[in-house]
Amino acid sequence: MTGADTEARVAGDDSALVARLRDGDERAFEEVVRSFYPSMLAVARGYTRTHAVADEVVQEAWVGVIKGLNRFEGRSSLRTWVLQIVANIARTRAVREARSVPFSTFDLDADQGEPAVEPERFRGPDDPYPGHWRSYPTDWRTLPEQRLVSTETLELVKHAIEELPESQKIVITLRDVVGCSAVEVCDALGVTAENQRVLLHRARARVRARLERHLDA
Amino acid sequence: MPEPLGIHEHGYTCREIVDLAAEYVEGTLTANESTLFELHLNFCDGCLTFIDQIRDTARLAAHVAEHELPEPLRADLLQAFRDWTRA
């Protein structure tokens with residue numbers, strides 16, 4: 001399937017869904033509320049100081065979504081549009097709380113300087129093979145699947161994600177936990193494709209490093 | 001670990017591969033970069049493993065349980081939706 005086909009399919013699905021919502025279809029509404037909740041919460045938590053405030057942002061966003069439903073033009077997916085509303089409300093709250101807003105220039109610059117893997121893992125400039133691994137990472141695919149996807153490992157991944165800087169946390173949650181596309185994330189958060197990718201890379205690299213310490217132990 | 005094989009002839013160092021891994025996984029390298037990248041992977045089990053680990057990290061994140069919609073919020077939102085429908 002080509003990208004254009006996928007887009008047409010998604011837009012098609014959405015227009016039927018939007019029509020049901022506009023008709024007051026409660027089951028459609030509950031379905032959307034439930035399926036959008038994890039991504040909305042991820043965006044809201046990224047911008048707000050407490051989980052309580054994030055919950056308020058999600059609720060406020062839904063009020064805005066309901067009121068704006070008749071103005072939704074389908075230029076993006078419904079989820080993207082809803083996430084944009086969440087991000088806008090959350091940013092406004094963050095400014096009011098005098099909290100630093102993720103995805104500011106400073107935030108991204110700080111991220112760019114961070115290596116994906118500690119430089120000590122690679123051979124130095126005087127080595128015959130500079131920039132090559134000193135010792136290879138362990139092949140996790142030799143581990144039993146039960147060990148890799150164990151409750152303990154998944155808990156570790158969850159904690160590692162929670163400890164990430166806000167902008168990295170939002171991006172990895174939307175992309176990998178929720179399953180949004182790169183385009184959706186860029187549109188929803190107003191970040192460039194390049195920045196989205198850098199943030200995802202840093203986030204995955206940090207979580208990978210935590211997994212490595214855990215699985216190699 | 002085996003001695004590195006002809007790394008100098010194959011463009012990228014492992015350190016560079018690690019930095020480009022996200023672009024490779026996301027499919028945003030140019031055709032030329034992609035060729036050089038894969039050439040390196042053909043000769044380097046360490047980098048191949050690293051790429052697998054990045055993919056596994058994303059796969060494991062997808063298994064992390066998502067937050068469930070709290071019941072009071074569901075009820076409140078449904079009420080707001082009903083009010084809007086009837087307005």
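A crossing of two helices is left-handed if the near helix is turned anticlockwise from the far one by less than a right angle, and right-handed if it is turned clockwise. Keep that in mind, since it comes back three times today. And one more word before we start: helices here are DSSP runs of H or I with at least four residues, strands are runs of E with at least two, and both are numbered from the N terminus.

Okay, some housekeeping. This is a predicted model, where local features need pLDDT of at least 70 and side-chain atom pairs count only at pLDDT 80 or more, while totals for chains, interfaces and linings use all residues. Residues are numbered from 1 along each chain as its sequence is written, chains are lettered from A and ligands numbered from 1 in the order in which they are written, and side-chain values use heavy atoms, with hydrogens and water left out.

Let's begin with chain A. What does its secondary structure come to? Ten would be the spoken word, and on paper it's 10 helices and zero strands. Reading along the sequence, you get α-α-α-α-α-α-α-α-α-α. Chain A has 217 residues, and 50% of them are buried, where buried means under 20% relative accessible area, exposed means over 50%, and partly exposed is in between, using a 1.4 Å probe and protein chains only. About 10,600 Å² of chain A is exposed, with carbon and sulfur atoms supplying 51% of that; the areas come from the Shrake-Rupley method with a 1.4 Å probe, and for residues only the protein chains shown count as cover. Now contacts, meaning heavy atoms within 4.5 Å. Take the contacts in chain A between residues at least 6 apart in sequence: 68% of them join residues at least 24 apart.

Now chain B. It has four helices and zero strands, so to speak in pattern form, α-α-α-α. Of the 87 residues in chain B, 43% count as buried. Chain B exposes about 4,500 Å², and carbon and sulfur atoms make up 51% of that area. For contacts in chain B between residues at least 6 apart in sequence, 56% join residues at least 24 apart.

On to helix packing. Two packed helices are described by the angle between their axes and the distance between the axes. The axes are lines fitted to C-alpha atoms, for helices over the stretch in contact, and the angles run from 0 to 180 degrees between N-to-C directions.

Have a look at helix H2 (residues 26–47) and helix H3 (residues 51–68), both of chain A: they pack at an angle of about 135°, with axes 10 Å apart. That makes H2(A) oblique to H3(A); under 35 degrees counts as roughly parallel, over 145 as roughly antiparallel, 65 to 115 as roughly perpendicular, and the rest as oblique. And here's that first definition again: H2(A) passes H3(A) in a right-handed crossing. On the H2(A) side the contact includes Phe29(A), Phe36(A), Tyr37(A) and Met40(A), and on the H3(A) side it includes His51(A), Val57(A), Trp62(A) and Ile66(A). Sorted by class, the contact of H2(A) with H3(A) has 14 nonpolar, one polar and two charged residues. For those classes, Ala, Val, Leu, Ile, Met, Phe, Trp, Tyr, Cys and Pro are nonpolar, Asp, Glu, Lys and Arg are charged, and the others, Gly among them, are polar.

Next pair, still in chain A: helix H4 (residues 78–96) and helix H9 (residues 182–189) have axes that come within 8 Å and cross at roughly 35°. The crossing of H4(A) and H9(A) is right-handed. Among the residues that meet are Arg79(A), Leu83(A) and Arg91(A) from H4(A), with Glu184(A), Asp187(A) and Leu189(A) from H9(A). This contact of H4(A) with H9(A) divides into four nonpolar, two polar and four charged residues.

The third pair joins the two chains. Helix H10 (residues 193–216) of chain A and helix H1 (residues 14–26) of chain B cross at roughly 115°, and their axes come within 10 Å. H10(A) passes H1(B) in a right-handed crossing too. From H10(A), the contact includes Arg197(A), Leu200(A) and Arg204(A), and from H1(B) it includes Asp19(B), Glu23(B) and Val25(B). The class count for H10(A) with H1(B) is five nonpolar, two polar and five charged residues.

Finally, a few single residues to click on. Val53(A) is in helix H3 of chain A. Is Val53(A) buried or exposed? At 13% relative accessibility, Val53(A) counts as buried. Leaving out residues up to four places away in sequence, Val53(A) touches Thr48(A), Arg93(A) and Glu97(A).

Trp133(A) sits in the loop between helix H5 (105–112) and helix H6 (145–148) of chain A. With 0% relative accessibility, Trp133(A) counts as buried.

Over in chain B, Ser34(B) lies in helix H2 (residues 31–43). Ser34(B) has 21% relative accessibility, so this residue counts as partly exposed. Which residues does Ser34(B) touch, not counting residues up to four places away in sequence? They are Tyr24(B) and Leu29(B). Ser34(B) and Tyr24(B) are 10 residues apart in sequence, and their C-alpha atoms are 7.0 Å apart in space.

That's my tour, thanks!
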